[in-house]
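Biologist: I have the model open and I'd like a close look at a single part of it. Could you pick a spot, walk me through it, and then show me how the rest of the chain fits around it?

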Amino acid sequence: MVEARWNGAVIARSDETVVVEGNHYFPLEAVDAAVLKPSATTSMCPWKGTAQYYSLVVDGAENRDAAWYYAEPKDAAKQIKGRVAFWKGVQVG
């Protein structure tokens, strides 16, 4: 079982993560939706496509753009569609 933790809370838990470039991508349903705040931030990966972001909000603290996902990944990254990954101090393991 892989967990993602931030600010003292478990924000995601799954035994079905997909690892790409060292990042665990959690199924969206394995993430606590209450901590996700949509963000307008996007970035582009040449082989995965356009990433969209969520900020995390736990106990009143916000971690801006600490989660990302690919709503419409390119074919080479189709295994991460519907999945979310974390960074910016989120502990995954």
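**A loop residue and its surroundings**

Modeller: Let's take asparagine 7, which counts as partly exposed because its relative accessibility is 39%, between the 20% cut-off for buried and the 50% cut-off for exposed. Bear in mind that this is a predicted model. Asparagine 7 sits in the loop between strand S1, residues 2-6, and strand S2. Its backbone is what caught my eye: phi of asparagine 7 is near 55 degrees, a positive value in a residue that isn't glycine. For background, most residues other than glycine have a negative phi.

There's another residue to set beside it. Glutamate 21 also isn't a glycine, yet it has a positive phi of about 50 degrees. You'll find glutamate 21 in the loop between strand S3 (18-20) and strand S4 (23-27). With a relative accessibility of 56%, glutamate 21 counts as exposed, since the cut-off for that is over 50%.

Now go back to asparagine 7 and follow the chain into strand S2, which covers residues 9-14. Serine 14 belongs to this strand, and it is buried, with a relative accessible area of 7%. The side chain of serine 14 reaches the backbone nitrogen of glutamate 16 at 2.8 Å. What does serine 14 touch, leaving out residues up to four places away in sequence? The answer is Met1, Val2, Phe26, Pro27 and Ala30.

Alanine 30 on that list deserves its own stop. Alanine 30 lies in the loop between S4 and strand S5, which spans residues 36-45. Its relative accessible area is 19%, so alanine 30 still counts as buried, the cut-off being under 20%. If you set aside neighbours within four places in sequence, alanine 30 is in contact with Ile11, Ala12, Arg13 and Ser14. Take alanine 12 from that group: alanine 12 and alanine 30 are 18 residues apart along the chain, and their C-alpha atoms are separated by 5.5 Å.

Next, move into strand S5 and look for cysteine 45. Cysteine 45 is buried, with a relative accessible area of 11%. It touches Tyr70 and Lys74, not counting residues up to four places away in sequence. How far is cysteine 45 from glycine 60, C-alpha to C-alpha? The two are 15 residues apart along the chain and 31 Å apart in space.

Strand S7, residues 61-69, gives you a couple of polar residues to click on. Asparagine 63 lies in this strand, and it is buried, at a relative accessible area of 10%. Outside its neighbours up to four places away in sequence, asparagine 63 touches Trp6, Ser55, Leu56, Trp87, Lys88 and Val90. Aspartate 65 is in S7 as well. At 9% relative accessibility, aspartate 65 counts as buried.

Stay on aspartate 65 for a moment and turn on its side chain. That side chain makes a polar contact with the side chain of serine 39, at 2.6 Å. The contacts of aspartate 65, with residues up to four places away in sequence left out, are Ser39, Thr41, Tyr53, Tyr54, Ser55, Trp87 and Lys88. As for lysine 37, it is 28 residues away from aspartate 65 in sequence, and the C-alpha atoms of the pair are 8.9 Å apart.

Finally, zoom out to the whole chain. The secondary structure comes to 0 helices and 9 strands, so to speak a run of β-β-β-β-β-β-β-β-β from the N terminus on. The radius of gyration is 12 Å, close to the 12 Å that the globule rule gives for 93 residues, so the chain is as compact as a globular protein of that length. The C-alpha trace spans about 35 × 30 × 20 Å along its principal axes. Buried residues make up 44% of the 93 residues. Take the contacts between residues at least 6 apart in sequence: 44% of them join residues at least 24 apart. The accessible surface comes to about 5200 Å², and 49% of it belongs to carbon and sulfur atoms. As for charge, there are 10 positive and 11 negative ones, and their mean positions are 5 Å apart.

Key. Residues are numbered from 1 along each chain as its sequence is written. This is a predicted model: local features need pLDDT of at least 70, side-chain atom pairs count only at pLDDT 80 or more; totals for chains, interfaces and linings use all residues. Side-chain values use heavy atoms; hydrogens and water are left out. Helices (H or I, at least four residues) and strands (E, at least two) are DSSP runs, numbered from the N terminus. Buried means under 20% relative accessible area, exposed over 50%, partly exposed in between (1.4 Å probe, protein chains only). A polar contact is a pair of N or O atoms within 3.5 Å; within protein, one must be able to donate a hydrogen and the other to accept it, and residues adjacent in sequence count only if both atoms are side-chain atoms. Contact means heavy atoms within 4.5 Å. The radius of gyration is taken over C-alpha atoms; the globule rule is 2.2 Å times the number of residues to the power 0.38. Accessible areas come from the Shrake-Rupley method with a 1.4 Å probe; for residues, only the protein chains shown count as cover. Lys and Arg count as positive and Asp and Glu as negative; His and the chain ends are not counted. The place of a charge is taken as NZ of Lys, CZ of Arg, CG of Asp or CD of Glu.
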